[in-house]
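Thanks for sending this one over. Here are my notes, in the order I would walk through them with you on screen.

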Amino acid sequence: MTPLEHSHHILDAMLGYLGFVVQIEEDNGPDGPTLQVLTDDSDALIGRRGETLDDIQYLVNRVLQRHIKDAPRIRVDVEFYRSMREDKMVARARELGERVRATGQNADLPPMNSYYRRLIHNVFVNDPDVMSVSLEGDARFKRIVLQRRPK
C-alpha cells in the first residue's frame, strides 16, 4: 500500500468516526500527494479560516508518519478550499507587489502560517524589484511586508 493510499484510509476512518459522509479523491499532482475531500459538510471540516482543515491535515500526517517513517507529507483539501485560497493569496500578493513596484511604498499582508508565508516568499524570490520579508509575531502566524529590493 502506498503512503497516499494509507493516508486515504486514515482520513476516511477519522472522518467516519466523527460522523462525516465523504468521498475522498487521491491526486499525486505538482503540489505533492493530495487527498481531496468532497462532502456536503465542507464548512464544518474547513473551520474558521481553514484552521480545522489544517488540524485534520496535521493529524493525518502524524498518524501516517507513525506507520511509515519516510512517508511524504500529504496535503488534505476540502472542496478545493485550500487551492482556491492559495490562488487568491498569490493573486493579492502580486497585486500588492505591483503597487510596491509603482509607488515604492511597503505593503503589509495579513498574518499567516509558515506554509502560506513560504508560498508568498516563493512568488517574489526571483523578482528584481520587490522582495518579501517576514516580521516577528505570534509563533504560528506572522506578517509579511512587501518592499522594494535594494539596488
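In what order do the elements of the chain run from the N terminus on?

1. The elements run α-β-β-α-α-β-α-β-α-β-β. That pattern holds five helices and six strands. Please keep in mind as you read that this is a predicted model.

2. Some overall figures for your setup. The chain has 151 residues, and buried ones make up 38% of them. Along its principal axes, the C-alpha trace spans about 55 × 30 × 30 Å. The accessible surface amounts to about 9300 Å², with 50% of it belonging to carbon and sulfur atoms. If you look at contacts between residues at least 6 apart in sequence, 55% of them join residues at least 24 apart.

3. Now the sheet. Three strands make up an open sheet, ordered β1-β2-β3, with mixed pairing. The edges are taken by β1 (23–29) and β3 (75–78); each has a single partner strand, so one side of each is left without a neighbour in the sheet. From one strand to the next, the twist averages 25 degrees.

4. A closer look at one pairing: strand β2, residues 32–38, runs parallel to β3, and four bridges join the two. Thr34 is a handy place to start, as it stands opposite Arg75 in β3.

5. Which helix lies across this sheet's strands β1, β2 and β3? It is α1, residues 3–17, and it runs at about 30 degrees to β2.

6. On to the aromatic side chains. The structure has one aromatic pair, made by Tyr115 and Tyr116. Their rings meet edge-to-face, with 5.3 Å centre to centre and 80 degrees between the planes. The angle is called edge-to-face because it is over 60 degrees.

7. Are these two tyrosines buried or exposed? Tyr116 has a relative accessibility of 3%, so it counts as buried, the cut-off being under 20%. Tyr115 has a relative accessible area of 28%, and is therefore partly exposed.

8. Tyr116 has a further contact worth displaying: the charged end of Arg85 sits over its ring, 4.7 Å from the centre. The ring of Tyr116 thus appears both in the pair with Tyr115 and under Arg85.

9. Another arginine is placed over a ring elsewhere in the chain. Arg49 lies over the face of Phe141, and the distance from the ring centre is 5.7 Å.

Key
Residues are numbered from 1 along each chain as its sequence is written. This is a predicted model: local features need pLDDT of at least 70, side-chain atom pairs count only at pLDDT 80 or more; totals for chains, interfaces and linings use all residues. Side-chain values use heavy atoms; hydrogens and water are left out. Rings of Phe, Tyr and Trp (its six-membered ring) pair if their centres lie within 6.5 Å; planes under 30 degrees apart count as stacked, over 60 as edge-to-face and the rest as tilted. Buried means under 20% relative accessible area, exposed over 50%, partly exposed in between (1.4 Å probe, protein chains only). A charge sits over a ring if NZ of Lys or CZ of Arg is within 6 Å of the ring centre and within 35 degrees of the ring normal. Two strands pair if DSSP finds at least two bridges between them. Axes are lines fitted to C-alpha atoms, for helices over the stretch in contact, and angles run from 0 to 180 degrees between N-to-C directions. Contact means heavy atoms within 4.5 Å. Accessible areas come from the Shrake-Rupley method with a 1.4 Å probe; for residues, only the protein chains shown count as cover.
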